[in-house]
Amino acid sequence: NASSTDGCISCPTSWPFFHRETSSSQSGVCRQVDLSTGACIQGFYLSGDYDCYRCDSSCKSCSGAGPAQCETCSSSRLLYPSSSECKNETNFNSRCEYGTFFADFQCKLCDQSCLTCDSEAVDGCLSCEAPR
């Protein structure tokens, strides 16, 4: 009862929850998808053809192939929610865009009424959007 097979071009049909993980080569590794989430292992994403493909190297987890589809970042990178990109940063706290704040090694969105904030809550606003 193997947990993975190296050099796969496709995965055995007797492993219904196994998918092919690919990089630049045509062969991959068949591994079990997490049944509770239906997702591929970390660092890979599940495509429309039910194969697992490697995330961009800047992403720790992702929803697709490109650098603008990161969900979480690899170390020493900061996630920008407006673009879903992970960027190299040295001073994380001062690098978040307006409308976001730094927490848990990523820029998180402020409440929609805030221009700047220190938490997601309405009372976390440090400055507010101009009235429209």
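Which residues is cysteine 55 in contact with, leaving aside its neighbours within four places in sequence? In this predicted model, cysteine 55 contacts Gly43, Phe44, Tyr45, Ser61 and Cys62 beyond those neighbours.

Two of these partners, Tyr45 and Cys62, belong with Cys55 to the largest nonpolar core. That core has 9 residues. The other members are Tyr53, Cys59, Cys70, Cys73, Leu79 and Cys86. Strand E6 (59–62) supplies at least two residues of the core, and so does E7. Another core lies apart from this one and has 5 residues. Phe101, Ala103, Cys110 and Cys117 are among them. In soluble globular proteins, nonpolar side chains tend to be buried together.

The largest pocket has a volume of about 190 Å³. Its lining is made of 12 residues. Nearest the pocket centre lie Cys73, Ser74, Arg77, Asp104 and Phe105. Strands E7 (70–73) and E8 (77–80) are the elements that give two or more residues to the lining. By type, the lining holds 4 nonpolar, 5 polar and 3 charged residues. Cys73 is named both in the lining and in the largest nonpolar core.

Serine 84 sits in the loop between E8 and strand E9 (85–88). Serine 84 counts as partly exposed because its relative accessibility is 26%, which falls between the 20% limit for buried and the 50% limit for exposed. Beyond residues up to four places away in sequence, serine 84 touches Pro67, Ala68, Gln69, Cys70 and Leu79. Cys70 and Leu79 are also members of the largest nonpolar core. Glutamate 71 is 13 residues from serine 84 in sequence, with a C-alpha to C-alpha separation of 6.7 Å.

Conventions: Residues are numbered from 1 along each chain as its sequence is written. This is a predicted model: local features need pLDDT of at least 70, side-chain atom pairs count only at pLDDT 80 or more; totals for chains, interfaces and linings use all residues. Side-chain values use heavy atoms; hydrogens and water are left out. On a 1 Å grid over the protein atoms alone, a cavity is a set of points where a 1.4 Å probe fits but cannot get out, and a pocket is an open set with protein on both sides within 12 Å along at least five of seven lines; lining residues have an atom within 4 Å of a point. Grid points are joined across faces, edges and corners, and a volume is the space filled by probe spheres set on the points. Helices (H or I, at least four residues) and strands (E, at least two) are DSSP runs, numbered from the N terminus. Ala, Val, Leu, Ile, Met, Phe, Trp, Tyr, Cys and Pro count as nonpolar, Asp, Glu, Lys and Arg as charged, and the others, Gly among them, as polar. A nonpolar core is a set of buried Ala, Val, Leu, Ile, Met, Phe, Trp, Tyr and Cys residues joined through side-chain atoms within 4.5 Å. Buried means under 20% relative accessible area, exposed over 50%, partly exposed in between (1.4 Å probe, protein chains only). Contact means heavy atoms within 4.5 Å.
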